[in-house]
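Biologist: Could you take me on a close look at the largest nonpolar core of this model? I would like to know which residues form it and how it sits within the rest of the chain.

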Amino acid sequence: MTPAAIAALGVEGVENYIKTIGLFRAKAKHLVQTAEILRDRYNGEVPEDREALESLPGVGRKTANVVLNTAFGHLTMAVDTHIFRISNRTGIAPGKDVLQVEKRLLKLVPQEFMLNAHHWLILHGRYVCKARKPECTRCSIVDLCEFKKKTT
Ligand code: SF4
């Protein structure tokens with residue numbers, strides 16, 4: 001679907017497609033606004049540029065990093081709540097905020113893994129190293145992890 005087609009749907013039209021996800025009203029509004037900007041200013045293309053991406057409605061550093069990495073192959077690291085938690089918990093890239101964690105992971109993760117690293121880290125955080133109760137007994141990096149309160 002092109003930005004022009006999304007813009008033509010309008011907010012209510014987009015809501016119908018995404019109403020099963022959280023904050024769908026705000027997301028639908030941002031999607032339509034973004035589609036209008038892409039249609040009018042970028043010839044219907046997503047810009048390959050951090051500043052331009054972050055100027056779009058609802059797009060912050062994390063989303064810009066996802067787009068730059070996944071769509072354009074840039075070696076960026078999108079730190080979400082899962083990656084922030086496991087980076088601190090395991091001790092691989094501790095940081096007091098997401099930017100600090102992002103910078104540490106960028107130094108730590110080997111270049112050849114940078115295109116998919118954020119997906120793997122998110123999946124590890126979502127399904128194994130969960131926020132409330134990490135499943136340390138079935139964790140494949142239990143011997144490397146520095147978390148002091150591992151579950152048994
Ligand atoms: S051992 Fe436990 S705390 Fe450490 S990464 Fe695995 S699941 Fe998370």
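Modeller: Happy to! In this predicted model, the chain has seven helices and zero strands, so to speak in the pattern α-α-α-α-α-α-α along the sequence. The C-alpha atoms fill a box of roughly 55 × 30 × 25 Å along the principal axes. The chain is divided into domain 1, residues 3-70, and domain 2, residues 81-138, and the C-alpha centres of domain 1 and domain 2 lie 26 Å apart.

Now to the part you asked about. The largest nonpolar core has 12 residues. Its members are Met77, Ala78, Val79, Ile83, Phe84, Ile86, Ala93, Val101, Leu105, Ala117, Leu121 and Cys129. Three helices, α5 (81-90), α6 (98-108) and α7 (117-127), each supply at least two residues of this core. Of these, α5 gives the most, with three residues.

Ala78 is a good member to zoom in on. Setting aside neighbours within four places in sequence, Ala78 is in contact with Lys62, Asn65, Val66, Asn69 and His118. Elsewhere there is a second, separate core of eight residues, and Ile6, Ala7, Ala28 and Leu38 are among them.

For the wider setting, 22% of the 152 residues of the chain count as buried. Among contacts in the chain with a separation of 6 or more, 40% come from residues 24 or more positions apart.

Key
Residues are numbered from 1 along each chain as its sequence is written. This is a predicted model: local features need pLDDT of at least 70, side-chain atom pairs count only at pLDDT 80 or more; totals for chains, interfaces and linings use all residues. A nonpolar core is a set of buried Ala, Val, Leu, Ile, Met, Phe, Trp, Tyr and Cys residues joined through C-beta atoms within 7 Å. A residue is buried if 20 or more other C-beta atoms lie within 10 Å of its own, exposed if 12 or fewer, and partly exposed in between; C-beta atoms are placed from the backbone. Helices (H or I, at least four residues) and strands (E, at least two) are DSSP runs, numbered from the N terminus. Two residues are in contact if their C-beta atoms, placed from the backbone, lie within 7 Å. Domain bounds come from an automatic or database domain assignment.
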